[in-house]
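Work through the exercises below with the structure open beside you. Each task is followed by a solution in steps.

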Amino acid sequence: MIQFVLLISRQGKVRLTKWYSPYTQKERSKVIRELSGVILTRGPKLCNFVEWRGLKVVYKRYASLYFCMCIDQDDNELEVLEIIHHFVEILDRYFGSVCELDLIFNFHKAYYVLDEILIAGELQESSKKTVARLIAAQDSLVETAKEQASSISNIIAQATK
Amino acid sequence: MESRLLVMVVVMVVEEKGKEGGHNKERWRGSEEEEEEEEEKRRKDQQQHTPGILFPIMNPFSSGTRLRDMIRAIRACKTAAEERAVVRKECAAIRTSMNENDQDYRHRNLAKLMFIHMLGYPTHFGQMECLKLIASAGFPEKRIGYLGLMLLLDERQEVLMLVTNSLKQDLNHSNQYIVGLALCALGNICSAEMARDLAPEVERLLQFRDPNVRKKAALCSIRIIKKVPDLSENFINPAAALLKEKHHGVLITGIQLCTDLCKVSPEALEFLRKKHTDGLVKTLKDAVNSPYKPEYDIAGIADPFLHIRLLKLLRVLGQGDADASDAMNDILAQVATKTESKKNAGNAILYECVETIMSIEDNGGLRVLAINILGRFLSNRDNNIRYVALNMLMKAITVDAQAVQRHRATILECVKDSDASIQKRALELVYALVNETNVKPLTKELIDYLEVSDQEFKGDLTDKICSIVEKFSPEKIWYIDQMLRVLNEAGNFVKDEVWHALIVVISSASDLHGYTVRALYKAFQTSSEQESLVRVAVWCIGEYGDMLVNNVGMLDIEDPIMVTESDTVDVIKIAIKHHALDLTTKAMALMALLKLSSRFPSCSERIKDIIVQHKGSFVLELQQRSLEFNSIIEKHQKIRSALVERMPILDEATFSTRRAGLLPAAVSTSGGASLDLPNGVAKPSAAPLVDLLDLSDDLPAPSSSDGDFLQDLLGVDLSPAPTQSGLGQIQKAGTDVLLDLLSIGTPVQSSSPTTEILLPSQNDKSPIATLDARSSSSSLSAQATSSARAAPMMDLLDGFGPSPLKPEDNGSVYPSLVAFESSSLRITFNSSKQPGNPQTTLIQATFTNLTPNVFTDLIFQAAVPKFLQLHLDPASSNILPASGNGSITQNLRVTNSQHGKKSLLMRMRMSYKIDNKDMLEEGQINNFPQDLGS
């Protein structure tokens, strides 16, 4: 099971966190501090796994961002690397060549994508296409609602003029 | 298109640096300038194409900033203080807006809060907003509301309970996306209470028409059964139904759910094993043989995630069941041989497959295949692959140690890898691989590596080497050699108990004293920075300094060295002057100097000068010792040599028992019905033991902590104050109770510093070893007669008396004594000694019933102080006839390690039943015949 997902920039800034096990706010910041200290200082040729508090953190660097997933001792580390890549590719398709800025300004969308990939720390969908389709469908739902709302407010605005 | 994108992602994302023209790459790098430019562009995009997708501008007069603007403002902050100010301002605005119950901006506020939360600021005041958004009707509000719920709350917050009702409604919503949102939130943060409340809804959704809801429900069920395992029963059937699905999302989540069900519910495991093993094997077969499917393809494999989950579930089913294991043999062999191992995805499958093969019931052929795969992994250039290989070999050891041994050389290489994760795994593995036959070469390799390893790794490595050496050492000289090398290379990483153990070993290897002290002398010349090396060296030079100078006990392998007495003193002087060494080391050095002053009379003056220098030390300990030692050297020439005699051999067994944290075996029990003893086996607590041992009545009540325990043990020796003054010692009461006790116990003061130098660094348990040893080492022991005339403390005083050594009896019988007598029970002891073994006393205890009632279940227990060892044989019976019409006998064997100095002491407890009524009596014996103890 994936305990949590972290996206940390090379400067140690947090870009996304998702906790599937209960950690208090205090523990969370401690975990982030600890892990960014360990992971950001590791050299490029080293393996992508760090043992930490009896768990393992699988991380992978994509340009300026480190994608980290913390897993149980007996989980398959290599598979988690694939899950990370799966996530990155879906983000890439969704944003169209995703970059760190996309994830900063549209962080909520990154979360929506993640929620279509993982639930309860387990992989939900292995098809990138399906995920993309589901996100698009929900985005369009939002859009329709907005349009309706704005047309209503227009009507009200018209009527009250 | 699909594959091109994939390539692009890989190129742009993974490689990062690249050729010109990669616009995407530039963007990923994101220099400040470009960031701004980029952001500007995106902002325009956003305005043109998606006008306020998230936050429509409904109220043009609102003063609130948009999310995007807030993020920009925060990013523009140069300092943390600036950032805090911006966040504070935003939070204030959000609170105001919330208080006004501003509908239109609710989701914008929440989005801002989420960002602020991510930066680590408190956002609890926004929690209620999430609930309001979730409760509103529209999808956009619910979407952001659930996101906020998952981000800002966790399962332990009370607020969460309030959302249960909304969740229930949404789980029954007609819009499948809203159902999806609710399932996702429930799966990520539900608590046990919510799990109980909402389990029926989730269970029903496992059969929902849309597969995307089914898969979410499956994962949500995992969370539910983990929180409340009792609920798993309801999920078994619907979960098993998911195994037949074709939709990959539903299939992988269904398999995952089944795997987790098996973990929490044996019935589920049994059911799935019986009904679904074959089906799963077939599913895996289809997956392995499936044609190219672009949608699921990763590195030429159609859906590796599915493969891995199937292998995982098969592993659970096959474990401990030969039939199920048998059913999956063929497909496992196929996966193990056919899977492409060039890419990570393929390796992930192979790795999972190997684990499954290792876990299911034995099939020789498959295991060979698996070990071979691991061998291949181990020689892979990719660090990730090597890491997982090491990880898996650890599990393989239990299955086939021989096969793992074959890779020893490669594993040893991995210990020397530059990657800390790999080093750590490899070291664990090497540790598991060591046995009697390979300990020498492996240790050599590890210690060789210790010389060049990183500082951070040295601690771990040293620990493991020490542990290996202690565990497998074939002979003492090898042990000492290896430990000296470790001390030499990484003395600062050696734990205290390790060098304590080394000293015990050195002390017991009397033929190696000369060799060891010379080796340490040489080592000190090169590695005087290594604290524990210095300590061991200082101790050994103090003890065996004369052997160093005279080249005593030369081994064939040694080259003779020329060391003068003054060189030896130099070494100690360096140690004591060295600024980096701590108090313990300096105290040990002072002690060594005192010892040397007697061994090398010619250097006595010089040693005195060095000692005197510390009489002004700011550290009380050093100051005091320095004054004391000085006076010994100056005024007590006569007793000095006796005082500082060599330490007796330290008892390894005692030391290792202490180290293992075991209580000393002082309580012995009668045979027969010993299982339900009041103070023993069933509830091992220290208190009763202490109680039994507390022989001196004038000490405060014992407590159960180790330290007090010790005191109580020693309390036996403690005599009321008056003894002290007569000794002319510079003892101060109250500095350290323990030490004072001991100083009294062994009347001559000099031996107490020996203790003291060891004390500060030792834990509560270990000092006893030295204490015992030390007290017996007293040179005056020859004179010390222990007498049992009065209370035990009298012996101590008598230690000074001129009474001559009693001649040792060779096998004798002593008059019987009444050890205990009450109105109901009498115990008499008949003692005897065997010839040639004066330390051991054989006692035959005879129990006599003085009442007209029969005693049943008689149990006799005895406890003795630390310097005695007691062995109880089973009693002749546990029923004692009434009115002295017969008796029970029981044999005891007491060994006195302080024979000649202390007399026997024993405290006992008798429990028995009269007419099923429990009786308990206690007593103490200190009137053993005088010459028995001595």
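**Exercise 1. Two helices from two chains**

Task: Decide how α5(A) and α8(B) are oriented to each other, and list the residues through which they meet.

Solution. The answer first: α5(A) and α8(B) are oblique to each other. The model examined here is a predicted one.

Step 1. Two packed helices are described by the angle between their axes and the distance between the axes.

Step 2. Helix α5 of chain A covers residues 128-160, and helix α8 of chain B covers residues 139-152. Their axes are 8 Å apart and make an angle of about 125°.

Step 3. Angles of 65 to 115 degrees count as roughly perpendicular and those over 145 as roughly antiparallel. The angle of about 125° fits neither class, so α5(A) and α8(B) are oblique.

Step 4. On the side of α5(A), the contact is made by I135(A), Q138(A), D139(A), L141(A), V142(A), A145(A) and K146(A). On the side of α8(B), F139(B), P140(B) and R143(B) take part.

Step 5. Sorted by class, the contact has 6 nonpolar, 3 charged and 1 polar residues.

**Exercise 2. A lysine in helix α5 of chain A**

Task: Find which residues K129(A) touches, not counting residues up to four places away in sequence.

Solution. Step 1. K129(A) is placed in helix α5 of chain A.

Step 2. With residues up to four places away in sequence left out, K129(A) touches R93(A) and E295(B).

Step 3. I90(A) is 39 residues from K129(A) along the chain, and the C-alpha atoms of the two are separated by 8.4 Å.

**Exercise 3. A serine in chain B**

Task: Is S166(B) buried or exposed, and what is it in contact with outside its neighbours within four places in sequence?

Solution. Step 1. S166(B) belongs to helix α9 of chain B, which spans residues 164-171.

Step 2. The relative accessible area of S166(B) is 14%. Buried means under 20%, so S166(B) is buried.

Step 3. Apart from neighbours within four places in sequence, S166(B) is in contact with I134(B), A135(B) and Y146(B).

**Exercise 4. Positive phi in chain B**

Task: For A299(B) and D857(B), state where each residue lies, then give its phi and its exposure.

Solution. Step 1. A299(B) sits in the loop between β1 (297-298) and β2 (301-302) of chain B. D857(B) is part of strand β7, residues 855-863 of chain B.

Step 2. A299(B) is not a glycine, yet its phi is positive, near 50°. D857(B), also not a glycine, has a positive phi of about 50°.

Step 3. Partly exposed lies between the cut-offs of 20% and 50%. A299(B), at a relative accessible area of 34%, is therefore partly exposed. D857(B), at 33%, is partly exposed.

**Exercise 5. Chain B as a whole**

Task: Describe the make-up of chain B and say where its pLDDT is below 50.

Solution. Step 1. Chain B holds 43 helices and 11 strands. Of its 934 residues, 55% are buried.

Step 2. Among contacts in chain B with a separation of 6 or more, 66% join residues 24 or more positions apart.

Step 3. The accessible surface of chain B is about 40,100 Å², and carbon and sulfur atoms account for 52% of that.

Step 4. Chain B has a mean pLDDT of 74, with 76% of its residues at 70 or more. Residues 1-37 of chain B have pLDDT below 50; this stretch makes 55 contacts in the model beyond near neighbours in sequence. Residues 662-810 of chain B are also below 50, with 249 such contacts.

Step 5. For the model, the scores are ipTM 0.94 and pTM 0.65.

Terms used. Residues numbered from 1 in each chain as written. Chains lettered and ligands numbered in written order. Predicted model: local features only at pLDDT ≥ 70, side-chain atom pairs only at ≥ 80, totals over all residues. Heavy atoms only, no water. Helix = DSSP H or I, 4+ residues; strand = E, 2+ residues; numbered from the N terminus. Buried < 20%, exposed > 50% of the residue type's maximum accessible area, 1.4 Å probe, protein only. Contact = heavy atoms within 4.5 Å. Areas by Shrake-Rupley, 256 points an atom, 1.4 Å probe, with all protein chains shown as cover. pLDDT = per-residue confidence, 0-100. Axes fitted to C-alpha atoms, helices over the stretch in contact; angles between N-to-C directions. Parallel < 35°, antiparallel > 145°, perpendicular 65-115°, else oblique. Nonpolar A, V, L, I, M, F, W, Y, C, P; charged D, E, K, R; others polar.
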